[in-house]
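Here are some notes on the model you sent, set out as numbered points. They concern side-chain packing and a few local details.

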Amino acid sequence: RYIGMYLENSNGKSIKNIIIASYDYDYKKYADRVYAFENVEMCREISIVRAIKSIIEVRKCIKKYKPDIIYCHSSKAGAIGRIANIGKKNKIIYNPHGWAFNMQCPKIKKLIYIYIEKILALLTDRIIAISPFEKKSALKYKICKENKIVVINNGIDTKKYISNKYRLKKCELGIDDDTYVVGMVGRLSKQKAPDIFVKASELIEKEIEKVFFIIVGDGE
């Protein structure tokens with residue numbers, strides 16, 4: 001979705017977009033919208049050997065296309081892309097789209113993420129934070145200087161979803177019309193903290209007599 005929104009709002013006449021993505025992405029979906037598309041193995045799991053292989057493959061792509069700007073999106077691709085670009089004379093933009101060190105994880109793992117981001121920030125020209133909180137977190141842990149990070153709020157093209165096709169009526173879910181509905185949309189994993197939504201629902205239920213809670217998402 002993020003890549004699709006970017007391409008729709010990118011000037012294809014003055015900008016040649018080259019996508020380097022994991023095999024989770026089908027090049028056929030983007031073939032007629034980009035200058036070039038390359039699939040590279042990028043697993044989510046932490047593996048030094050597989051990470052080195054990914055770095056080598058990405059570096060080959062950088063040498064092949066010689067981009068003026070490299071935009072790295074997400075922590076894993078951000079690390080691979082920035083290391084692969086060492087020694088190249090271009091600009092690096094990085095968007096973690098949520099700092100890994102803000103996830104619920106053991107303290108030692110959190111420290112590792114922080115120091116990795118600090119080191120890689122030295123290879124970065126500009127960091128994009130998707131919210132003021134993300135920027136505040138970066139400055140709190142001294143990831144980079146304030147003039148290197150800018151907030152571009154995460155968004156969604158709402159025009160595509162404002163239609164009756166995406167609307168549910170309360171009666172379809174067996175909810176009375178006078179009931180207040182509270183919803184959460186997100187992956188059901190520890191990182192997204194659905195347990196906090198449950199705790200909040202208990203507090204809200206004490207204040208509002210008729211209330212209904214809905215969670216939309218899947219996960220472990």
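1. Arg82 lies over the face of Tyr94, at 3.6 Å from the ring centre. This is a predicted model, and the values below should be read as such. Arg82 is among the buried residues of helix 3, and Tyr94 is buried as well.

2. Tyr94 also has an aromatic partner, Trp99, which is likewise buried. The ring centres of Tyr94 and Trp99 are 6.2 Å apart and the planes stand at 70 degrees; an angle over 60 counts as edge-to-face, so this pair is edge-to-face. Tyr94 and Trp99 belong to one aromatic cluster together with Phe101 and Tyr141.

3. There are 5 aromatic pairs in the structure. One of them joins Tyr30 and Phe37, and it is stacked, with 5.7 Å from centre to centre and 5 degrees between the planes. Both Tyr30 and Phe37 are buried.

4. Besides Arg82, the buried set of helix 3 consists of Gly78, Ala79, Ile80, Gly81 and Ala84. Which elements do the buried residues of helix 3 pack against? They are helix 2, strand 3, strand 4 (91–95) and helix 4 (107–121).

5. Helix 2 covers residues 48–65, which makes 18 residues. From first to last C-alpha it reaches 26 Å, close to the 26 Å expected at 1.5 Å a residue. Just after helix 2 comes Lys66, with a positive phi near 50 degrees.

6. Which residues of helix 2 are buried? Ala51, Ser54, Ile55, Val58, Cys61 and Ile62 are. These residues lie on the same side of helix 2, because the arc they cover around the axis is only 125 degrees. Val49, Lys53 and Lys64, on the other side of helix 2, are exposed.

7. The buried residues of helix 2 pack against three strands, namely strand 1 (18–21), strand 2 (36–39) and strand 3 (69–73), and against helix 3 (75–84). The contact between helix 2 and helix 3 thus appears in the packing of the buried residues of helix 3 too.

8. Leu188 sits in the loop between strand 7 (180–185) and helix 6 (194–207). With a relative accessible area of 27%, Leu188 is partly exposed. Leaving aside residues up to four places away in sequence, Leu188 touches Pro194, Ile215, Gly217, Asp218, Gly219 and Glu220. For Leu188 and Gly219, the C-alpha to C-alpha distance is 4.6 Å, although 31 residues separate them in sequence.

Definitions and conventions:
Residues are numbered from 1 along each chain as its sequence is written. This is a predicted model: local features need pLDDT of at least 70, side-chain atom pairs count only at pLDDT 80 or more; totals for chains, interfaces and linings use all residues. Side-chain values use heavy atoms; hydrogens and water are left out. Helices (H or I, at least four residues) and strands (E, at least two) are DSSP runs, numbered from the N terminus. The expected span of a helix is 1.5 Å times one less than its number of residues. Buried means under 20% relative accessible area, exposed over 50%, partly exposed in between (1.4 Å probe, protein chains only). The arc is that of the directions from the helix axis to the C-beta atoms. Contact means heavy atoms within 4.5 Å. Rings of Phe, Tyr and Trp (its six-membered ring) pair if their centres lie within 6.5 Å; planes under 30 degrees apart count as stacked, over 60 as edge-to-face and the rest as tilted. A charge sits over a ring if NZ of Lys or CZ of Arg is within 6 Å of the ring centre and within 35 degrees of the ring normal.
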